[in-house]
Amino acid sequence: MTYEELVQEVREIFSTADVSGVKDHIAYQFNITGEAEGAFYAEISDGKLSIEPYEYYDRDVLFTSTAETLLKIVKGKMNAVHAFTIGKLKVEGNFDKALMLQQFAESNGGKKVK
C-alpha cells in the first residue's frame, strides 16, 4: 500500500462518520511509519470532517502507528485504547480528544470493539 492509497482509504472509511454533533474544533495528525510512511491530518470543524495529506502543526492530537494498525482501528477491528496499551499506537496531546477517534470509527459503521 502506498501513502496515497492509505490516505484515500481513510477518507473513504470516514466518509460516513457522523461528526455533526461535534461542537469543538478537533485536529488529528497521523504519522505513519513503515509501509505507506508519511503524515496526514483529519480535521473536524463546524460538524464537517476533512482529511488531507499534509502535516497539521496546530493539532490537538498526534497519533503515530503503522498503516496496518491505523486501518484496524478505523475499521473497528482494533480498539484504539488497546492499541495504545500494547504500544502499537503512540498518542501525544489532548487525550480526551484522542479517545473520540474510537467513537468516530464506530459511527462510520465499524463495530464496537473491546
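**Notebook: a predicted chain**

I began with confidence: the protein chain averages a pLDDT (the predictor's confidence in each residue, from 0 to 100) of 89, and 92% of the residues score at least 70. This is a predicted model, in which local features need pLDDT of at least 70, side-chain atom pairs count only at pLDDT 80 or more, and totals for chains, interfaces and linings use all residues. Residues are numbered from 1 along each chain as its sequence is written, and side-chain values use heavy atoms, with hydrogens and water left out.

**Confidence by element**

I looked up the elements, where helices (H or I, at least four residues) and strands (E, at least two) are DSSP runs numbered from the N terminus. Strand E4 (residues 61–66) has the highest mean pLDDT, 98, and helix H4 (residues 95–107) the lowest, 80. Over residues 110–114 pLDDT stays under 50, and the model has 14 contacts there beyond four places in sequence (contact means heavy atoms within 4.5 Å). Where pLDDT is low, the predicted coordinates should not be read in detail.

**Helix H1**

I checked the length of H1 (residues 3–14): its 12 residues should span 16 Å at 1.5 Å a residue (1.5 Å times one less than the number of residues), and its end C-alpha atoms are 17 Å apart, which agrees. Which residues of H1 are buried (under 20% relative accessible area, with exposed over 50% and partly exposed in between; 1.4 Å probe, protein chains only)? I found Tyr3, Leu6, Val7, Val10, Ile13 and Phe14. They cover an arc of only 125° around the axis (from the directions of the helix axis to the C-beta atoms), which puts them on the same side of H1. Glu4 and Glu12 are exposed, on the face turned away from the buried side.

**The core**

I turned to the largest nonpolar core (a set of buried Ala, Val, Leu, Ile, Met, Phe, Trp, Tyr and Cys residues joined through side-chain atoms within 4.5 Å). Of its 33 residues, Tyr28, Phe30, Phe40 and Phe63 touch the most other members. H1 gives the most to this core, with six residues. Beyond four places in sequence, Phe63 has contacts that include Tyr28, Phe30, Leu89 and Leu101.

**Helix H2**

I noted that six of the eight residues of H2 (residues 67–74) are buried, so H2 is largely enclosed by the rest of the structure. Just after H2, glycine 76 takes a positive phi of about 80°.

**Aspartate 58**

I found aspartate 58 in the loop between strand E3 (48–52) and E4. Aspartate 58 counts as exposed because its relative accessibility is 63%.
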